[in-house]
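Here are a few short exercises to work through with the model open beside you. Try each one yourself before you read the solution.

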Amino acid sequence: MTKLPEESATRKQLANHRELFDDAVSYLSNSDQRLAFIGNIGTGKTTAICHLLGLLDGEEPILSTGSGRTTLCEVEIASSSQLEIEVTPHSEAEVKSYLTDFAQYLLSDITESDNSESFKLSAEVERALRNMLDLRTSRTKNPEGKRITTDNAKNFAANYQSVELLTEGLLKRIDYTARYQTRFTNDDGVDQYEWLHTTFKAINSCTHPSVGLSKHIRILVPVKLFDDINYALSVVDTKGVDQTVNRADLDSCLTDNRTVSVLCCRFNEAPDKTMSGLLKLAKDAGLSHRIAKETVLLILDRESEAEKVIDIDEPVGDKTEGREIRAEQVVNDLRHTLQLDNLDVRFFDVKSDDPKQLNKLLVEKVSVLRAQYAQNIVDIEKAIVDIETELVSQSAKTAKNQVKNTLEPWIKKSQGCSPALREYFLPLINDIKNKGTYAASVRASVNRRGEWHNLDYYQLLATGAREQVVDQIGTLKDEFIVLIDNMLSQNELQPAYALLKQLKQTTEKRLGDIYQKAFAKGRAVYEEQLSSDNQLWNGLFREWGMGPGYKDRVSGNSETWFHMRKYPEFESSVTRQVVEEWQRYVNEVRDMLGAE
């Protein structure tokens, strides 16, 4: 074959094929895949996971320690040759932040506060701290039979005059350096599920004397969790959603192409606010084309709920029919509100359904992801073999020329597009004062200089930037995909099908990269100056306890910070990166087509 000139469209196609080929090989070379279960606190996802994987101690789900608000952190479950639990604990500095929150709660006079601005830790964290501090609440009855509640933590706090002094007292009492153990094994030969149930409960509640406050728990079990797979599939039980879905951990699940997200909700609430919010978050991240492939909507029904679904004017009385009606309602709702189609809706009743069916379905979902990359390799190899023939084929030249002529107006239009980010900090400001955001979350975020899972300044900045980019170039991307799909339906263009598929695959990859780079840059440009501004955070810290309007004061002072820092200069650097990446992509399409 004659050597192709540098500017040759064929040469550009071959270089692009090599990149896409390497991506597919890299994906398949990594055997790790994940199923991430996401849902509201108390939805039942932990119980569903235990039944799905057969992790039961008798009839009791091994990871269940009560009803709702019990899982302290994200829990990952995977197969291994040995039974063990690995704990990633919070650092001493992070625990001190929690103790500061706790001290604030203990010293606050809640009766004088606006109820919307009273401060309290989440139940699971407060329980863990009280156990580590040995300052539990005790309940007894007096001789008359009246219940008496004694809060030992409040009694301890009565000896301190300030939050700072109480925090130091609590930190000394907790002796966190003595809680050093991060790996737990069944060395005494106890029944493995009994040991796992007991040990997990002790770790999760921090009643184990050697464990710290867990940030992540990884459970390795010497059993086969899934059949007929040649890759490693782990299950992640995410921390229950409370208030917001815009959390860094959940965003990571949705954007990771190695993870299938299982969005869980109750039967009568489907689709609940959290499920809809997660799908909107994915859509705003530019993932609409991936949602159907990488997401399952799992509706957790209970006995008789499906049978009680009303059809016309009376209950259907049949579980299967009731589920079908509910699934149709969910799909129609999400099509109307989010314009999403082809959603995968499934049901699971832990009391009566065979978990093997759901297990198999989820495995198939993950396997299809891997199979697509394997097919990409086959398609690329064939396309490369066919290129030499196409170079001398008149029909191929004619088809590719028609593709070029069809796409040239889009290229010219796209070359004139110059995305520009403006005030992408405003979603953060609005979230702070949103009535759905607890004052306690604002206080916890302020205490951590903006890093708190339920109100993360930096996550909100990142998603704010990404969403603006998706809004501004997503329409052009959608127009391009429609043009490609239309041409793929035309038989006379069959000699150009390989090129059309290559252009589509390249577009999905490049745009995904642009969106995620905007996400990272949108956070990075502000992060160092924002997190290190002592004047800002000390001022916001002092706003607590100054009366009603706490959230408004924090949001107002935060917005002032952005204006004082001349935010357009920060945002222009994000804009420059997006424009450069976008123009590079458009030029790549032009060069692959040989367009002028």
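**Exercise 1. Work out which face of helix 1 is buried, and what covers it.**

Solution. This is a predicted model, so let us begin with its accessibility values. Ala-9, Thr-10, Gln-13, Asn-16, His-17, Leu-20, Ala-24 and Tyr-27 are the buried residues in helix 1. Next, look down the helix axis: the buried residues of helix 1 fall within an arc of 120°, so they line one face. Now turn to the other side, where Ala-15, Arg-18 and Ser-29 are exposed. Finally, find the cover: the elements over the buried residues include strand 1, helix 12, helix 13 (394–415), helix 17 (497–531) and helix 20 (567–593).

**Exercise 2. Check the length of helix 1 and find the residue that caps its N-terminal end.**

Solution. Helix 1 covers residues 9–29, which makes 21 residues. At 1.5 Å a residue, the expected span is 30 Å. The end C-alpha atoms are 30 Å apart, so the two values agree. For the cap, look at Ser-8: one of its side-chain oxygens lies 3.2 Å from the backbone nitrogen of Thr-10.

**Exercise 3. Trace the order of the nine-stranded sheet and identify its edges.**

Solution. The sheet is open, its pairing is mixed, and its strands follow the order 8-5-9-4-10-1-11-12-15. Strand 8 and strand 15 (345–348) each have a single partner strand, so one side of each is left without a neighbour in the sheet. From one strand to the next, the twist averages 20°. To finish, place helix 12 (residues 355–391): this helix lies across strands 1, 10, 11, 12 and 15, and runs at about 125° to strand 1.

**Exercise 4. Describe how strand 5 pairs with strand 8 and with strand 9.**

Solution. Start with strand 8 (residues 183–185), which is antiparallel to strand 5 (residues 84–89) and joined to it by three bridges. Here Ile-85 stands opposite Phe-184. Then take strand 9 (residues 214–221), which pairs with strand 5 over six bridges, also in the antiparallel sense. Two residue pairs help you find the register: Glu-84 stands opposite Leu-220, and Glu-86 has Arg-218 as its bridge partner.

**Exercise 5. Decide whether Asp-251 is buried or exposed, and list its contacts.**

Solution. First locate Asp-251 in helix 8 (residues 248–255). Its relative accessibility is 3%, and buried means under 20%, so Asp-251 counts as buried. Leaving out residues up to four places away in sequence, Asp-251 touches Leu-281, Gln-459, Thr-463, Arg-466 and Phe-519.

How values were computed. Residues are numbered from 1 along each chain as its sequence is written. This is a predicted model: local features need pLDDT of at least 70, side-chain atom pairs count only at pLDDT 80 or more; totals for chains, interfaces and linings use all residues. Side-chain values use heavy atoms; hydrogens and water are left out. Two strands pair if DSSP finds at least two bridges between them. Helices (H or I, at least four residues) and strands (E, at least two) are DSSP runs, numbered from the N terminus. Buried means under 20% relative accessible area, exposed over 50%, partly exposed in between (1.4 Å probe, protein chains only). Contact means heavy atoms within 4.5 Å. Axes are lines fitted to C-alpha atoms, for helices over the stretch in contact, and angles run from 0 to 180 degrees between N-to-C directions. The expected span of a helix is 1.5 Å times one less than its number of residues. The arc is that of the directions from the helix axis to the C-beta atoms. A polar contact is a pair of N or O atoms within 3.5 Å; within protein, one must be able to donate a hydrogen and the other to accept it, and residues adjacent in sequence count only if both atoms are side-chain atoms.
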